[in-house]
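Visitor: Hey, have you got a minute to walk me through this one? I'd like to start with a small detail and work outwards.

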Amino acid sequence: MATKEVVNSFIVNYGDFISKGEVSSCDSAFTIQNNVFQSRNNNALIGANIVSATVVNSKIYIVCNNPDKIIVVDAKTFEFKKEISGGLVIKPQFVYPYEDLAYVSCLGNEVNTNQSWILQVDADKDVIKDTISVAGGPIKLDRIGVNLYAALKHKKQLSIVQIHMGKVTDSIRLDAIAGDIFADSLNRVWVSQISTVKFPLDINSQGVIVVENENFGIIKSNEQPMNLGSLGVFTGNARRTSIWLSGNQNVYKIEVKSSSINYNPVLVLNNIGGID
């Protein structure tokens with residue numbers, strides 16, 4: 001049997017309601033190969049829209065909606081290993097791996113936005129172990145120590161889960177909806193506050209704040225207006241000492257050590273989706 005080529009890096013494609021999502025790979029020569037999941041799995045289709053994908057140990061968790069499921073593949077070969085679906089896998093959004101668990105945010109019931117949660121998944125067996133109730137629709141997750149931070153879709157709030165207690169133990173009120181969160185190298189959490197109103201654009205976009213992990217106090221907010229629009233996505237280097245913040249049209253550079261924000265965008269583009 002032929003050995004399958006190793007996937008160096010991957011790009012998730014959300015897809016649409018007809019063609020659904022797929023995965024592309026990129027090698028060291030920047031050669032793009034499309035439909036990687038299909039080609040590595042006997043023409044099988046993902047058959048859903050891909051929301052995100054995260055490396056969990058030696059696997060990749062591909063988070064899907066329409067229908068809702070988590071597809072687990074081998075991180076090197078992209079061969080299918082398991083599907084996690086049904087039950088409380090309702091509108092899954094993002095995976096945060098920690099020790100032997102993977103935490104999966106789920107929007108749950110979007111009619112009653114208090115009925116949402118984070119799943120605790122056994123990262124070795126790929127089975128759901130427990131559920132943590134997090135009202136407001138958790139989306140993006142990040143962690144400092146035993147505190148798991150959750151940005152919410154439906155509340156102007158940051159929820160904090162104490163991992164060992166398995167429940168929300170604190171929250172931080174925001175001036176707008178959190179677009180994204182990022183834990184830096186100094187044990188602080190950067191929060192982008194975005195607009196949820198399309199016209200006029202940025203009517204409630206509030207820029208960024210920085211939260212101290214020790215007492216959950218807000219220690220910094222932007223001194224000048226920032227055009228984030230409805231995006232506000234963070235990308236950091238591996239050491240978490242530098243951060244780039246993408247708005248709908250602008251990309252800003254943040255230096256963690258000095259807590260300085262370059263208010264002159266380093267990039268100005270149209271319809272940015274984020275950088276990596």
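Visitor: Which residue in β9 is the bridge partner of valine 95?
Guide: That's valine 104. Just keep in mind that we're looking at a predicted model.

Visitor: Okay, and how many bridges do β8 and β9 pair over?
Guide: Six bridges, with β8 and β9 (residues 101–106) pairing in the antiparallel sense.

Visitor: What order do the strands come in across that sheet?
Guide: The order is β8-β9-β10-β11, four strands in an open sheet with antiparallel pairing.

Visitor: Which ones are the edge strands?
Guide: Those are β8 (92–98) and β11 (127–133), and each of them pairs on one side only. As for the twist, neighbouring strands of this sheet are turned by 25 degrees against each other on average, direction ignored.

Visitor: Let's switch. What's the strand order in the open sheet that has β20 in it?
Guide: You read that one as β20-β21-β22-β23. The sheet has four strands, and the pairing is antiparallel.

Visitor: Why is one side of β20 and of β23 left without a neighbour in the sheet?
Guide: β20 (233–236) and β23 (260–268) are at the edges and have a single partner strand each, so one side of each has no neighbour there. From one strand to the next, the twist averages 25 degrees.

Visitor: And how many bridges join β20 to β21?
Guide: Four bridges, and β20 and β21 (residues 242–246) run antiparallel.

Visitor: Which residue in β21 is the bridge partner of glycine 236?
Guide: Look for isoleucine 243; glycine 236 has its bridge partner there.

Notes:
Residues are numbered from 1 along each chain as its sequence is written. This is a predicted model: local features need pLDDT of at least 70, side-chain atom pairs count only at pLDDT 80 or more; totals for chains, interfaces and linings use all residues. Side-chain values use heavy atoms; hydrogens and water are left out. Two strands pair if DSSP finds at least two bridges between them. Helices (H or I, at least four residues) and strands (E, at least two) are DSSP runs, numbered from the N terminus. Axes are lines fitted to C-alpha atoms, for helices over the stretch in contact, and angles run from 0 to 180 degrees between N-to-C directions.
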